[in-house]
Amino acid sequence: RPGGLKAAFSAIRGTNHEPAAPGNESKAIHFDQVLVNIGRHFDRDLGAFVAPHRGVYSFAFHVVKVYNRQTIQVTLTLNGRPVISAFAGDQEVTREAAASGGLVSMEKGDRVALQLRQGNLVGGWKHSTFSGFLLFPL
């Protein structure tokens, strides 16, 4: 592939944080460490990936809840619309993850992000991950 068609990112949460805190009305899930950001299309401050090209992209996420008896719903959104959701709701464990992934067809400039649609992450969510890459351009 020509260098301009490369896009990949992998971000993690290295510290605990409350994404559903007052002032975060969208309940956006943010990541404080970026391990890979080829093409620089992942915006750490927004917690979002912006498609540099029209194409099919692969995304995966793993959001951990710790010492939290509430069910959480984590949703991958495309331009603010829900695409893929995952749930974690076992009340008998101290750590559990809402994890999923899939392929998303995107236009140039489309934005993908994670949102906490249900519950909270008050107990912490260190070690959560969010990754994606361009599978092929269209």
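How many salt bridges does the model contain? In this predicted model, the count comes to one salt bridge. The pair consists of Arg54 and Glu107, whose closest N and O atoms lie 3.2 Å apart; this falls within the 4 Å cut-off applied to a side-chain nitrogen of Lys or Arg and a carboxyl oxygen of Asp or Glu. The contact links distant parts of the chain, the two residues being 53 residues apart. Arg54 is placed in the loop between β4 (48-50) and β5 (55-66), whereas Glu107 belongs to the loop between β8 and β9 (111-118).

Both partners were also assessed for solvent accessibility. Arg54 has a relative accessible area of 42% and is partly exposed. For Glu107 the relative accessible area is 39%, and this residue is likewise partly exposed. These values lie between the limits of 20% for buried and 50% for exposed, so neither residue is classed as buried or as exposed.

The strands β5 and β8 also take part in an open sheet of five strands, arranged in the order β2-β1-β10-β5-β8 with antiparallel pairing. The edges of the sheet are formed by β2 (33-38) and β8 (95-106), each of which pairs on one side only. From one strand to the next, the twist averages 5 degrees. Strands of a sheet pair through backbone hydrogen bonds.

Within this sheet, strand β1 (residues 8-12) runs antiparallel to strand β10 (residues 129-137), and five bridges join the two. One of the residues involved is Ile12, whose bridge partner in β10 is Thr129.

Key:
Residues numbered from 1 in each chain as written. Predicted model: local features only at pLDDT ≥ 70, side-chain atom pairs only at ≥ 80, totals over all residues. Heavy atoms only, no water. Pairing = 2+ DSSP bridges. Helix = DSSP H or I, 4+ residues; strand = E, 2+ residues; numbered from the N terminus. Axes fitted to C-alpha atoms, helices over the stretch in contact; angles between N-to-C directions. Buried < 20%, exposed > 50% of the residue type's maximum accessible area, 1.4 Å probe, protein only.
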